[in-house]
Amino acid sequence: MDAARLSGGGVVNAVVDKPGAADVWRWLDDVPDPEIPVLSVNDLGIVRAVDVEQDGVVVTVTPTYSGCPATSAIALSIEEALHRRGVSAVRVRSRVSPPWTTDWISPAGREKLRAYGIAPPEGAACAGAAVRNAPKECPRCGSAKVEEVSRFGSTPCKAAYRCADCLEPFDYFKRF
Amino acid sequence: MGDNALILGQRVSAWCGHAPALEEDIAMANVGLDLIGQAKMWLTLAGEAEGKGRSADDLAFLRDTRDFQNALLVEQPNGDYGQTLMRQFLFDAWHLPMLKGLSRSTDSRVAGIAEKSAKEAVYHLDRSSDLVIRLGDGTGESRAKMQAALERLLPFARELTAADPMDDEIAACGLGPALADIARNFEATVAAVTADATLTLSSAPARTGGKAGRHTEAFVSLIAEMQWMQRAYPGAAW
């Protein structure tokens, strides 16, 4: 199935019962995170598996934070995106283990975050990593003079920071 | 684990829109959200293990007070902000080592939920320790409030590390850690943080009952508020 041909707006797609897993992965590049829409679910690293089974496509997703309110919205967006591609039977499954980590945010995703005004997570979140972590620089002016305003931000995954040079407030995507 | 997270999440969420500073309001809401999310995972697992088809929502909204097994600490009223922060710190000081212990459970479902939740609890403990130290080692008034909160809440917190026969059985079969180990870890954290906070620590014994379903009076109104919607409009959903 030619994904490019199907991406045209307003086209009613034929029913595709058996897409390839690689097609599904590519289609998921177009499914945004509802809280940070510049990131796709693939950029965020929350899609753990795509299985094309007898009775449809199963997409396995892991939550970022346990109580993230976006989780059910993400499942719905994935179902809708695959329906639009003509896949009639879609199931989104949740998997908790191994737990999601910011290490799974793609390099492209980190650049998109920075361009969007959110400082990407610093360092690897491996076991034993220090709790305290801070953005390397202001995502707007690049100054290293940043100060923490609040350890929790507008969503569980972010902290609130301020740049001492350009004086702009900004979000930091916490290492997790 | 599910009831502790649910009830503290419910208590903490009451600060949303009322906390003394915007940053604290946001932090409280985020911590509450983590706890409610963790409660959902634990209670979903509890419902599956029970095998009677009860969902996390059924367990949260349709049980009576005697059926809740949360420790008395988490149902204590929010009180002043010092009391809320001390309750959070004492809970976090138990929660993190408990979750780390459970992440080595012989049951992979328990281990998975615990490993996920522990990552969140690391941030909770970091924040609550920091604030207990700042307010304890703060002004005369803030110190007095933190000292009063510590004295009031520490006996309730020690219920979390007091093993009953079921805790011993859980440890014996490898489902969870030995509470004696958790108690050592908890007491060490509390001693270190309260020392930095210039607070006086007592050896008051545990006040127990919550894990056996015997709750304090404040719990009844908490449950009434949390459950009224499902009680008044059974099955209501959006």
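**Exercise 1. Strands of chain A**

Task: Find the bridge partner of A:Val52 in β2(A).

Solution. Step 1: Look along β2(A) for the residue bridged to A:Val52; it is A:Val57. The model is predicted: local features need pLDDT of at least 70, side-chain atom pairs need 80 or more, and totals for chains, interfaces and linings use all residues. Residues are numbered from 1 along each chain as its sequence is written, with chains lettered from A and ligands numbered from 1 in the order in which they are written.

Step 2: Look for another bridge between these strands. A:Ala49 stands opposite A:Thr60 in β2(A). Helices (H or I, at least four residues) and strands (E, at least two) are DSSP runs, numbered from the N terminus.

Step 3: Place the strands. β1 of chain A covers residues 47-53 and β2 of chain A covers residues 56-61. They run antiparallel, joined by 6 bridges. Two strands pair if DSSP finds at least two bridges between them.

Step 4: Follow the chain from β1(A) to β2(A). A hairpin of 2 residues makes the link.

**Exercise 2. A sheet and its helices**

Task: State in which order the 3 strands of the open sheet in chain A lie, and which helices pack on it.

Solution. Step 1: Read the order. It is β1-β2-β3, and the pairing is mixed.

Step 2: Find the edges. They are β1 and β3 (90-94) of chain A, and each pairs on one side only.

Step 3: Take the twist. From one strand to the next it averages 20°. Axes are lines fitted to C-alpha atoms, for helices over the stretch in contact; angles run from 0 to 180 degrees between N-to-C directions.

Step 4: Add the helix α2 of chain A, residues 21-28. This helix packs on the sheet and touches β1 and β2 of chain A. Its direction makes about 140° with that of β1(A). Contact requires C-beta atoms, placed from the backbone, within 7 Å.

Step 5: Add the helix α4 of chain A, residues 70-84. It packs on the sheet too, touching β2 and β3 of chain A, at about 155° to the direction of β3(A).

**Exercise 3. Another sheet**

Task: Name the edge strands of the open sheet of 4 strands in chain A.

Solution. Step 1: Write the order, which is β4-β7-β6-β5 with mixed pairing.

Step 2: Pick the strands that pair on one side only. These are β4 (118-119) and β5 (146-150) of chain A.

Step 3: Check a pair inside the sheet. β6 (residues 158-163) and β7 (residues 169-173) of chain A run antiparallel and share 5 bridges. In β7(A), A:Tyr172 is the bridge partner of A:Ala159.

**Exercise 4. A residue in a loop**

Task: Decide whether A:Arg85 is buried or exposed.

Solution. Step 1: Locate the residue. A:Arg85 sits in the loop between α4 and β3 of chain A.

Step 2: Count neighbours. There are 21 other C-beta atoms within 10 Å, so A:Arg85 is buried. The cut-offs are 20 or more for buried, 12 or fewer for exposed, and partly exposed in between, with C-beta atoms placed from the backbone.

Step 3: Compare sequence and space. A:Arg85 and A:Val24 are 61 residues apart in sequence, yet their C-alpha atoms are 9.1 Å apart.

**Exercise 5. Helices of chain B**

Task: Say how many helices and strands chain B has, and check the span of α2(B).

Solution. Step 1: Count. Chain B has 10 helices and 0 strands.

Step 2: Check the span. The 29 residues of α2(B), at 1.5 Å a residue, should span 42 Å (1.5 Å times one less than the number of residues). The end C-alpha atoms are 42 Å apart, which agrees.

Step 3: Look just past the helix. B:Gly51, just after α2(B), takes a positive phi of about 75°.

Step 4: Visit B:Ala114 in helix α6 of chain B. It is buried because 28 other C-beta atoms lie within 10 Å. Leaving aside neighbours within four places in sequence, B:Ala114 is in contact with B:Leu99, B:Leu102, B:Ser103 and B:Ser105.

**Exercise 6. Where the chains meet**

Task: State how many residues each chain gives to the contact.

Solution. Step 1: Count by chain. Chain B gives 20 residues and chain A gives 16 residues.

Step 2: Name the elements of chain B that give two or more residues to this side. They are α2 (22-50) and α6 (108-136).

Note on methods: Contact = placed C-beta atoms within 7 Å.
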